[in-house]
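Opening my notebook on a structure I have not looked at before. I'll jot things down as I look them up.

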Amino acid sequence: MALRNPTNKKNQYLGRAVNLKWEPPPSGWVKVNSDGAFSHTCSIGACGGVVRDDWGHFMVGFAQNLRYCSILETELWGILRSLRIVHQRGWRKVIVEADSSQVVRFIEDGCPPTHASFSLVAQMWKDADCFYEIRLKNIPRDLNHLSDSLVKHGLELYLYLRVFYSIPPCAMLHYVADSS
């Protein structure tokens, strides 16, 4: 559980102090922040993500309505869709950040073949072969507001993927906050 300390933008996360400011990736890398959500009211899921370069510039973002799936599946779809968009754009060194420790552990530790999400995780590992290097990182939810805003937009879409090549209005405030 994260405890806020608004005076210095630090957070206690898994027993250590964490700077609550989005950090750009190393030179020559891109960073993906992905997220997933499930609306119990509408019984639909969505995923979304944003890709930024080593200067922190918005490169591409996406939102996708997934219809009926679990929250675990929405998070996994967010990472898989992010990897595919990054690959299509020709980037081969990527840091993927997600705010679900369960999903990060699930990808790193493997997935039983009998699990409902096995095919998603297997596809992720297959797609990962197209990259020079991928780093997967669990982050506090407070560092994932930009992708969260795109996920919420995805809940409003009708069964399709929407790709953004500039910052959409629904995400502008979070992007500006990350940049300051």
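**Entry 1: around Glu 73**

I started with Glu 73, which touches Ala 116, Ser 117 and Leu 120, leaving out residues up to four places away in sequence; contact here means heavy atoms within 4.5 Å. Before going on, I noted that this is a predicted model, where local features need pLDDT of at least 70, side-chain atom pairs count only at pLDDT 80 or more, and totals for chains, interfaces and linings use all residues. I also noted that residues are numbered from 1 along each chain as its sequence is written, and that side-chain values use heavy atoms, with hydrogens and water left out.

Glu 73 sits in helix H1, residues 71-88. Helices (H or I, at least four residues) and strands (E, at least two) are DSSP runs, numbered from the N terminus.

What is the nearest side chain of opposite charge to Glu 73? I found Arg 67, but it is 13 Å away, and Glu 73 is buried yet has no salt bridge. For charges, Lys and Arg count as positive and Asp and Glu as negative, while His and the chain ends are not counted. Buried means under 20% relative accessible area, exposed over 50%, and partly exposed in between (1.4 Å probe, protein chains only). A salt bridge needs a side-chain nitrogen of Lys or Arg within 4 Å of a carboxyl oxygen of Asp or Glu.

I did find the backbone nitrogen of Ser 70 at 2.8 Å from a polar atom of the Glu 73 side chain.

**Entry 2: salt bridges**

How many salt bridges are there? I get 6 by this rule.

Arg 84 pairs with Asp 127, with 2.8 Å between the closest N and O atoms. Arg 84 is in helix H1 and Asp 127 in helix H3 (residues 118-128), so this salt bridge ties together parts that are 43 residues apart in sequence. Arg 84 is partly exposed at 27% relative accessibility, whereas Asp 127 is buried at 14%.

Next I looked up Asp 99 and Arg 141, a salt bridge whose closest N and O atoms are 3.3 Å apart. This pair links distant parts of the chain, 42 residues apart: Asp 99 is in the loop between strand E7 (93-98) and H2, and Arg 141 in the loop between E8 and H4. Is each partner buried or exposed? Asp 99 is buried at 8% relative accessibility, and Arg 141 is exposed at 52%.

Arg 135 and Glu 133 also form a salt bridge, at 3.5 Å between the closest N and O atoms. Salt bridges that share partners join Lys 31, Glu 97 and Lys 137 into one network.

**Entry 3: back to a loop**

Where is Ile 139? I found it in the loop between strand E8 (133-138) and helix H4 (145-156). Ile 139 is buried, with a relative accessible area of 3%. Its C-alpha is 4.9 Å from that of Asp 99, though the two are 40 residues apart in sequence.

**Entry 4: the whole chain**

I count 5 helices and 9 strands in the protein chain. From the N terminus on, the order is β-β-β-β-β-β-α-β-α-α-β-α-β-α. Of the 180 residues, 49% are buried. Among contacts between residues at least 6 apart in sequence, 68% join residues at least 24 apart.

Key
Polar contact = N/O pair within 3.5 Å; in protein donor to acceptor, adjacent residues only side chain to side chain.
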